Amino acid sequence: MRVLVLGGDGFCGWPSALHLSEHGHDVTIVDNLVRRRADDELGVQSLTPIATMSERIQAWYEVSGRQIGFADIDVAHDYDSLVRLLDSARPDSVVHFAEQRSAPYSMKDPAHKRYTIDNNLNATNNLIVAIIALGLDTHVVHLGSMGVYGYETVPVDLPEGYLTVSYPDREGEMHSRDILYPTLPGSVYHLSKSLDQLLFQFYARNDGVRVTDLHQGIVWGTQTEETERDPRLMNRFDYDGDYGTVLNRFVVEAAVGYPLTVHGSGGQTRAFINVRDTVRCIRLAVESGDEVSGQVRVMNQMTETHRVSTLARLVADTLGAEVNTVANPRQEADQNELSARNDRLLGLGLEPITLRSGLLEAEAELARQFADRVDTKRIPAKSYWNKNRRTAVEGDSV
């Protein structure tokens with residue numbers, strides 16, 4: 001299949017592009033390298049050294065014999081270039097990672113909130129509109145977020161995107177319909193993913209665009225079978241307070257002897273998935289595109305749920321570390337229950353990797369290998385959801 005991977009230079013996009021290529025797909029990466037510029041803005045670097053895009057693509061060709069194309073396009077703002085690429089490539093599938101992916105980054109200040117909405121919604125709308133204008137039957141695979149559901153405090157298994165509701169009409173007759181599960185986004189980033197859902201729903205109904213929306217949990221791990229084949233293929237590893245996902249952050253903290261930073265009570269329950277499962281899920285979604293017609297297909301891309309405090313204890317016991325609780329910069333409940341169904345991906349053949357698979361130790365070894373690249377001043381989260389949260393955190397640190 002001909003596949004465009006938008007945002008293919010990123011944490012999930014790069015290993016997904018390699019995995020699709022390894023399985024025989026004709027892959028072109030589309031990226032304007034903005035994630036690398038965010039590192040410069042924030043004054044932090046990936047724990048792992050990451051090669052330039054040209055070096056990455058050359059290395060992949062050398063180890064696999066397979067070529068990956070590259071187009072430097074700002075999908076959110078260079079619509080004409082996007083149209084020309086789609087028209088020439090005529091892709092069977094487009095994997096859409098081209099969105100600002102960090103909740104803390106999206107909450108830093110008005111400029112970052114505006115950037116997140118502007119970039120994420122424009123990128124999604126431009127892609128769909130261009131596909132329609134060209135008359136393409138391209139299947140869009142979008143990386144969404146479990147965060148669109150909010151964080152439930154009742155014991156319910158979150159369905160895959162839809163909720164069946166019944167209601168009476170004026171004459172008392174009962175009717176049933178599927179609605180998108182009510183969203184409760186916890187950040188501007190998650191809000192952008194919630195709004196993406198409405199764009200997909202509209203264009204699927206109005207124009208018949210085929211869309212799979214993957215509601216992904218928090219990704220842990222760094223390397224995949226493909227990225228391990230050459231040092232130049234190494235994936236990025238974020239640990240900082242803006243882009244470091246909680247488990248990867250814990251692993252780095254343990255590796256350098258920094259106390260694990262548990263925000264608030266640690267009673268928050270989150271959904272998780274290993275990056276190796278992420279790339280498999282992307283491929284399974286791409287390869288099953290013929291099954292998508294009419295209603296947007298929503299799949300919960302997660303494999304397990306854990307409380308943050310339980311996660312910290314697991315890392316501390318496995319790797320040897322202290323656990324430290326700090327004031328929570330986020331506006332969220334101190335505790336919540338979270339369970340979600342992932343029947344569709346399991347039905348496509350996913351065999352989940354869990355935290356007890358042994359990969360946690362491998363990640364810690366990678367962190368120790370590059371421990372000299374860690375700037376511990378960048379570990380604490382400095383993005384505050386509102387004035388009250390800022391006061392709580394800064395007061396706690398005095």
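**View 1. A salt bridge joins Arg 229 to Glu 22.** The closest N and O atoms of Arg 229 and Glu 22 are 3.0 Å apart; a salt bridge is here a side-chain nitrogen of Lys or Arg within 4 Å of a carboxyl oxygen of Asp or Glu. Arg 229 lies in the loop between strand 10 and helix 8 (246-256), whereas Glu 22 belongs to helix 1, so the pair ties together parts that are 207 residues apart in sequence. Helices (H or I, at least four residues) and strands (E, at least two) are DSSP runs, numbered from the N terminus. Arg 229 counts as partly exposed at 37% relative accessibility, and Glu 22 counts as partly exposed at 28%; buried means under 20% relative accessible area, exposed over 50%, and partly exposed in between, with a 1.4 Å probe and protein chains only. This is a predicted model, in which local features need pLDDT of at least 70 and side-chain atom pairs count only at pLDDT 80 or more, while totals for chains, interfaces and linings use all residues. Residues are numbered from 1 along each chain as its sequence is written, and side-chain values use heavy atoms, with hydrogens and water left out.

**View 2. Asp 9 and Arg 56 form a buried pair.** In this salt bridge the closest N and O atoms of Asp 9 and Arg 56 are 2.9 Å apart, and both residues are buried. Asp 9 is located in the loop between strand 1 and helix 1 and Arg 56 in helix 3 (residues 53-64), so the contact ties together parts that are 47 residues apart in sequence. Side chains of opposite charge can pair when their charged atoms come close.

**View 3. Salt bridges occur within helix 10 and in a network.** Asp 317 forms a salt bridge with Arg 313, with the closest N and O atoms 3.5 Å apart. Both residues lie in helix 10, four residues apart, about one turn of the helix. Asp 317 counts as exposed at 56% relative accessibility, while Arg 313 counts as partly exposed at 42%. Elsewhere, Arg 35, Asp 39, Arg 101, Arg 236 and Asp 238 are linked in a network of salt bridges, and the structure holds 29 salt bridges.

**View 4. Seven strands make an open, parallel sheet.** The strand order is 3-2-1-4-5-9-13, two strands being taken as paired if DSSP finds at least two bridges between them. Strand 3 (69-71) and strand 13 (297-301) are the edge strands, each pairing on one side only. From one strand to the next the twist averages 20 degrees; axes are lines fitted to C-alpha atoms, for helices over the stretch in contact, and angles run from 0 to 180 degrees between N-to-C directions. Within the sheet, strand 5 (residues 139-145) and strand 9 (residues 211-216) run parallel and are joined by six bridges, with Val 140 standing opposite Val 211 in strand 9. Helix 1 (residues 13-22) lies across strand 1 (2-6), strand 2 (26-30) and strand 4 (93-96), running at about 165 degrees to strand 2. Helix 4 (residues 79-89) lies across strand 1, strand 2, strand 3 and strand 4, at about 160 degrees to strand 1.

**View 5. A three-stranded open sheet carries helix 10.** The strands follow the order 10-12-14, with mixed pairing. Strand 10 (218-220) and strand 14 (304-307) stand at the edges with a single partner strand each, so one side of each is left without a neighbour in the sheet. The twist averages 45 degrees from one strand to the next. Strand 12 (residues 269-274) runs antiparallel to strand 14 and is joined to it by four bridges, and Phe 272 has Glu 304 in strand 14 as its bridge partner. Helix 10 (residues 308-320) packs on the sheet, touching strand 12 and strand 14 (contact means heavy atoms within 4.5 Å), and its direction makes about 90 degrees with that of strand 14.

**View 6. Strand 7 and strand 8 form a hairpin.** Strand 7 (residues 162-168) pairs with strand 8 (residues 174-180) in the antiparallel sense over seven bridges, and Ser 166 stands opposite Ser 176 in strand 8. Five residues separate the two strands, and Gly 172 in the turn has a positive phi of about 90 degrees.
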